[in-house]
Amino acid sequence: MEYAVAAESQVDELYELVQRTIRAVYPRYYPQAVVESFCGLHNRDAIAADVAAGREGVVLVDGRVAGTGCRDGNHITRVYVAPAFQGRGVGSFIMQRLEDEIARDHATALLDASLPATGLYERRGYRTLRHEQFPVEDEAVLVYAVMEKELA
């Protein structure tokens, strides 16, 4: 696996990876209105802005884009692994890289964990600080965990 700062030329591919992953995984955990809310949150413009700011990373496996990770200060804001690469350590690889970057300037890492990702983060030593709710369309509610890990 290879990790690098994402390039502007990769924005469309990263957008497609994130959207495809959300649509493949999240319907098992959330109602469709919440899935659409996630897709809207991680839209092409948001990804392009993070790439332009140098906050978005990309993981390549055998030359193929397998996943992406993003952070803003000590807050991990986007980690997605393409369905074809899930269960192969790509998510853990991304997290380690993000945590290493964060540890240079911060003692803790924070993240907002979707239901499908909570187990991965707990196995990495994150603890839940609280649960949050965010209302979306059709009276659906996005539920997520705010998690923290000591890095020092």
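In the predicted model, helices H1 and H3 cross with a right-handed sense. Their axes lie 9 Å apart and the helices pack at an angle of about 130 degrees. An angle of this value falls outside the ranges for roughly parallel, perpendicular or antiparallel pairs, and H1 and H3 are therefore oblique to each other. On the H1 side the contact is formed by Val11, Asp12, Leu14, Tyr15 and Val18, and on the H3 side by Arg44, Ile47, Ala48 and Val51. By class, seven of these residues are nonpolar and two are charged, with no polar residue in the contact of H1 with H3.

The crossing of H1 and H2 is also right-handed. Here the axes come within 10 Å and cross at roughly 165 degrees. Because angles over 145 degrees count as roughly antiparallel, H1 and H2 are assigned to that class. Gln19, Ile22 and Arg23 of H1 meet Gln32, Val35, Glu36, Phe38 and Cys39 of H2. The contact of H1 with H2 comprises four nonpolar, two polar and two charged residues.

Helix H1 itself covers residues 11-25. At 1.5 Å a residue, its 15 residues should span 21 Å, and the end C-alpha atoms are 21 Å apart, which agrees. The buried residues of H1 are Val11, Leu14, Leu17, Val18, Gln19, Thr21, Ile22 and Val25. An α-helix has 3.6 residues a turn, so residues three or four places apart point the same way. The cover over the buried residues of H1 includes helices H2 (32-41) and H3 (44-52), together with strands S2 (56-61), S3 (64-72) and S4 (75-81).

How values were computed: Residues are numbered from 1 along each chain as its sequence is written. This is a predicted model: local features need pLDDT of at least 70, side-chain atom pairs count only at pLDDT 80 or more; totals for chains, interfaces and linings use all residues. Side-chain values use heavy atoms; hydrogens and water are left out. Helices (H or I, at least four residues) and strands (E, at least two) are DSSP runs, numbered from the N terminus. The expected span of a helix is 1.5 Å times one less than its number of residues. Buried means under 20% relative accessible area, exposed over 50%, partly exposed in between (1.4 Å probe, protein chains only). Contact means heavy atoms within 4.5 Å. Axes are lines fitted to C-alpha atoms, for helices over the stretch in contact, and angles run from 0 to 180 degrees between N-to-C directions. Angles under 35 degrees count as roughly parallel, over 145 as roughly antiparallel, 65 to 115 as roughly perpendicular and the rest as oblique. A crossing is left-handed if the near helix is turned anticlockwise from the far one by less than a right angle, and right-handed if clockwise. Ala, Val, Leu, Ile, Met, Phe, Trp, Tyr, Cys and Pro count as nonpolar, Asp, Glu, Lys and Arg as charged, and the others, Gly among them, as polar.
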